[in-house]
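Thanks for coming, everyone. Today I would like to walk you through one binding site, taking it slowly and starting with the words we need.

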Amino acid sequence: MILYFTGTGNCLYAARKLAAEGEKVLSIPQEMRRGGELVYADDAIGIVYPAYGHMMPDMVREFINRASFDAPYLYFVCTYGNRHANAAELCLENARAAGLNPAYVTTLLMVDNWLPNFDMDEQRARIPEKKIGENLACIRADVAARRQWIEPVTDEDRAAHEQFMSLGLRFEPSALGDFLTIDPERCIGCRICAKVCPAGCVALEGGKAVRSAQAGFGCNACLACMHACPARAIACAAGDKNPEAPRFRNERVTLAELQEANGGC
Ligand SMILES: Cc1cc2nc3c(=O)[nH]c(=O)nc-3n(C[C@H](O)[C@H](O)[C@H](O)COP(=O)(O)O)c2cc1C
């Protein structure tokens with residue numbers, strides 16, 4: 001069984017590629033929304049999530065704290081776009097704090113969807129050099145062999161994370177009040193932002209999208225809404241490296257699949 005969290009489809013794609021035939025692939029936001037007890041049992045359970053400032057998204061951390069896993073082999077795959085820093089160690093810390101003891105933790109380089117620093121045209125051009133398919137095949141083989149491995153972390157990686165933390169950016173709902181703004185003049189009321197939001201933070205009021213960082217499970221900063229908005233009505237306070245470039249969605253994931261994954265309210 002594989003559980004994933006995604007903003008723009010990378011983790012959904014990775015989860016699907018890692019799944020063996022007939023293996024369940026479940027969306028973490030959907031599981032969280034289902035309510036009731038979160039109990040999972042399988043021979044192997046994988047959790048796939050994107051690195052946010054090298055860390056686990058808020059909802060993934062909450063999920064692993066609430067859920068119970070009965071699996072002889074538990075593994076984590078953290079996708080990232082540019083610099084993983086000490087993501088594997090931070091993942092291990094979160095897992096242990098949740099009472100879990102993963103056998104395998106790795107990072108996986110994919111497209112970087114962080115619009116403030118990255119031009120999506122440049123990112124798309126770099127897809128071949130990232131060798132995503134080959135790296136996924138290696139992880140899949142590792143999991144099939146039940147390899148015990150935690151990706152090593154260096155002091156340089158830790159220093160990179162310290163440097164990031166010193167910038168003061170926090171990807172928690174309480175710190176994301178003004179992170180994204182929706183321009184009512186540009187909004188066409190299509191609801192796509194609400195449908196792709198994994199956290200249920202966007203609603204339609206008077207035919208226009210309205211976001212509240214504290215609504216639903218609370219904004220995770222995933223940028224799903226900003227990438228998916230066809231009217232470019234959503235802006236990020238942290239900036240927009242190339243507003244002209246087409247936004248990103250993993251090229252193997254359709255908008256309908258992303259909406260289905262994230263709740264489609
Ligand atoms: C809020 C936020 C923070 C991010 N932080 C990092 C980071 O620290 N290092 C990195 O390499 N990529 C970072 N990224 C890029 C994502 O981790 C990467 O694109 C991931 O594959 C996206 O997965 P998804 O398409 O499933 O949402 C960040 C993206 C977002 C939205």
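Before I name any residues, let me say that a residue counts as near a molecule if one of its heavy atoms lies within 4 Å of it, and please keep in mind that what you see is a predicted model. With that in hand, there are 24 residues around the ligand, and those that come nearest are T6, T8, T79, N82 and V111. If we sort the shell around the ligand by class, we find 11 nonpolar residues and 11 polar ones, together with 2 that are charged.

Now to the individual contacts. T79, which I have just listed among the nearest residues, has an N or O atom in its side chain that is 2.7 Å from an oxygen atom of the ligand. At C11 it is a backbone N or O atom that lies 2.8 Å from a ligand oxygen, while in D112 an N or O atom of the side chain is 3.3 Å from a nitrogen atom of the ligand.

How much of the ligand does the protein bury? Taken alone, the ligand exposes 650 Å², and the protein buries 96% of that. The space that the ligand takes is the largest pocket, and the elements giving two or more residues to the shell are α1 (10–18) and β6 (73–80).

Finally, where does the ligand lie with respect to the domains? Because domain 1 (2–166) and domain 2 (173–262) both give residues to the shell, the ligand lies between them.

Definitions and conventions. Residues are numbered from 1 along each chain as its sequence is written. This is a predicted model: local features need pLDDT of at least 70, side-chain atom pairs count only at pLDDT 80 or more; totals for chains, interfaces and linings use all residues. Side-chain values use heavy atoms; hydrogens and water are left out. A polar contact is a pair of N or O atoms within 3.5 Å; within protein, one must be able to donate a hydrogen and the other to accept it, and residues adjacent in sequence count only if both atoms are side-chain atoms. Accessible areas come from the Shrake-Rupley method with a 1.4 Å probe; for residues, only the protein chains shown count as cover. On a 1 Å grid over the protein atoms alone, a cavity is a set of points where a 1.4 Å probe fits but cannot get out, and a pocket is an open set with protein on both sides within 12 Å along at least five of seven lines; lining residues have an atom within 4 Å of a point. A molecule sits in a cavity or pocket if more than half of its atoms lie within 2 Å of its grid points. Helices (H or I, at least four residues) and strands (E, at least two) are DSSP runs, numbered from the N terminus. Ala, Val, Leu, Ile, Met, Phe, Trp, Tyr, Cys and Pro count as nonpolar, Asp, Glu, Lys and Arg as charged, and the others, Gly among them, as polar. Domain bounds come from an automatic or database domain assignment.
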